[in-house]
Amino acid sequence: MSNNNHVCSHDHAKWLDNDFRRMLQNPRKMFSPWIQPGMTILDIGCGPGSFTLNMAEMTGPQGKVIAIDIQEQMLELTRKKLEKAGMLERVKLHRCSGNSLDIDTKADFILTFFMVHEVPDPNSLIDQICSLLSKGGYYFLAEPIFHVSTEQFEKVLARCRSNGLTLIRQYGLISRYAVFQKSL
Ligand SMILES: C[S@@+](CC[C@H](N)C(=O)[O-])C[C@H]1O[C@@H](n2cnc3c(N)ncnc32)[C@H](O)[C@@H]1O
């Protein structure tokens, strides 16, 4: 599976984490059909925490979020954002290596927002995501249309299907979105 294999630098954090973007890509609108209070959530490639805080609010005090990134600087931006909001205790920050997520926590909701195309081996990432997803859990995939062709996106969808996930929603005009569920 081909990919752009270019990791978005932490210097670009302000282009990711801002109110204008959250207006266009409103986390509550996008995620509320899938996130329930008490869920365990993985935010893989969390970047500066663009959606981490909102998901921590949505899962509530009984839930938890694990924010994962390969860049320490991105995790530090996420940490600062959560600390400012008094939500740090609800989120675990986890630095992974490029090849493995280095985690074995099962999750009810997994998000990869604009990150799969940056990974050298998307098939391996998708396999890990599918094994970390709890039965009945949801995987939300978002990719930027300008960096990811229809063919590339379809290959990721096919890999999810070959891991036994069911596509339950696909939409998007300037971004490509797909939601999968793991059967019970
Ligand atoms: C374009 S940013 C998106 C950040 C965030 N999800 C958002 O939508 O604002 C992609 C993020 O994925 C991270 N990333 C890239 N490759 C990764 C990998 N193999 N494992 C974990 N994170 C990775 C980058 O460090 C970067 O923070």
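Let me begin with a definition, since my opening example depends on it: a salt bridge, as I will use the term, is a side-chain nitrogen of Lys or Arg within 4 Å of a carboxyl oxygen of Asp or Glu. Please also keep in mind throughout that what we are looking at is a predicted model.

With that cut-off in hand, consider Asp-43, which sits in strand S1, residues 40–44. Asp-43 is buried and yet takes part in no salt bridge, for the nearest side chain of opposite charge, that of Arg-21, is 9.2 Å away. What the side chain of Asp-43 does have is a polar contact of 2.7 Å with the side chain of Thr-52. If we set aside the neighbours within four places in sequence, the residues in contact with Asp-43 include Phe-51, Met-55, Val-65, Ile-66, Ala-67, Ile-68 and Leu-111, along with Thr-52 itself.

A second buried residue that I would like to show you is Tyr-139, in strand S5, which covers residues 133–144. Tyr-139 has a relative accessible area of 0%, and therefore counts as buried. Its side chain makes a polar contact of 2.7 Å with the side chain of Thr-112. Beyond its neighbours within four places in sequence, Tyr-139 is in contact with a set of residues among them Ile-110, Val-116, Ile-126, Leu-133, Cys-160, Leu-165 and Phe-180. Ala-178 is also one of these contacts, and although Tyr-139 and Ala-178 are 39 residues apart in sequence, their C-alpha atoms are 8.2 Å apart in space.

Let me turn to the ligand. Which residues are closest to it, among the 20 that surround it? They are Arg-21, Gly-45, Ser-50, Asp-69 and Gln-71. Arg-21, which we met a moment ago as the nearest opposite charge to Asp-43, places a polar side-chain atom 2.7 Å from an oxygen atom of the ligand. The side chain of Gln-71 has an N or O atom 2.8 Å from an oxygen atom of the ligand, whereas with Phe-113 the atom concerned is a backbone N or O, which lies 2.9 Å from a nitrogen atom of the ligand. As for the ligand's surface, it has 600 Å² of accessible area on its own, and the protein covers 97% of that.

Now to the charged pairs, of which I will take three, the structure holding 8 salt bridges. The first I will describe joins Arg-22 and Asp-19, with the closest N and O atoms 3.3 Å apart. Both residues lie in helix H2, residues 19–24, and they are 3 residues apart, which is about one turn of the helix. Are these two partners buried or exposed? Arg-22 counts as buried because its relative accessibility is 18%, while Asp-19, at 60%, counts as exposed.

Next comes the pair of Arg-28 and Glu-57, whose side chains meet in a salt bridge of 3.2 Å, N to O. Arg-28 belongs to helix H3, residues 27–31, and Glu-57 to helix H4, residues 52–59, so this pair ties together parts that are 29 residues apart in sequence. Arg-28 is partly exposed, with a relative accessible area of 41%, and Glu-57 is partly exposed as well, at 36%.

The last pair is Arg-95 with Glu-72, whose side chains meet at 3.7 Å, N to O. Here too distant parts of the chain are linked, Arg-95 being in strand S3, residues 91–95, and Glu-72 in helix H5, residues 72–84, which puts them 23 residues apart. Arg-95 is partly exposed, with a relative accessible area of 49%, and Glu-72 counts as partly exposed at 41%. Returning to Arg-22 and Asp-19, I should add that salt bridges with shared partners join them with Asp-17 and Lys-81 into one network.

I will finish with the backbone. Most residues other than glycine have a negative phi. Asp-102, however, has a positive phi, near 55°, and is found in the loop between S3 and strand S4, residues 107–113. Asp-102 counts as partly exposed, because its relative accessibility is 41%. Phe-114 is not a glycine either, yet it has a positive phi of about 60°, and its place is in the loop between S4 and helix H6, residues 122–132.

Notes:
Residues are numbered from 1 along each chain as its sequence is written. This is a predicted model: local features need pLDDT of at least 70, side-chain atom pairs count only at pLDDT 80 or more; totals for chains, interfaces and linings use all residues. Side-chain values use heavy atoms; hydrogens and water are left out. Helices (H or I, at least four residues) and strands (E, at least two) are DSSP runs, numbered from the N terminus. Buried means under 20% relative accessible area, exposed over 50%, partly exposed in between (1.4 Å probe, protein chains only). Lys and Arg count as positive and Asp and Glu as negative; His and the chain ends are not counted. A polar contact is a pair of N or O atoms within 3.5 Å; within protein, one must be able to donate a hydrogen and the other to accept it, and residues adjacent in sequence count only if both atoms are side-chain atoms. Contact means heavy atoms within 4.5 Å. A residue is near a molecule or strand if one of its heavy atoms lies within 4 Å of it. Accessible areas come from the Shrake-Rupley method with a 1.4 Å probe; for residues, only the protein chains shown count as cover.
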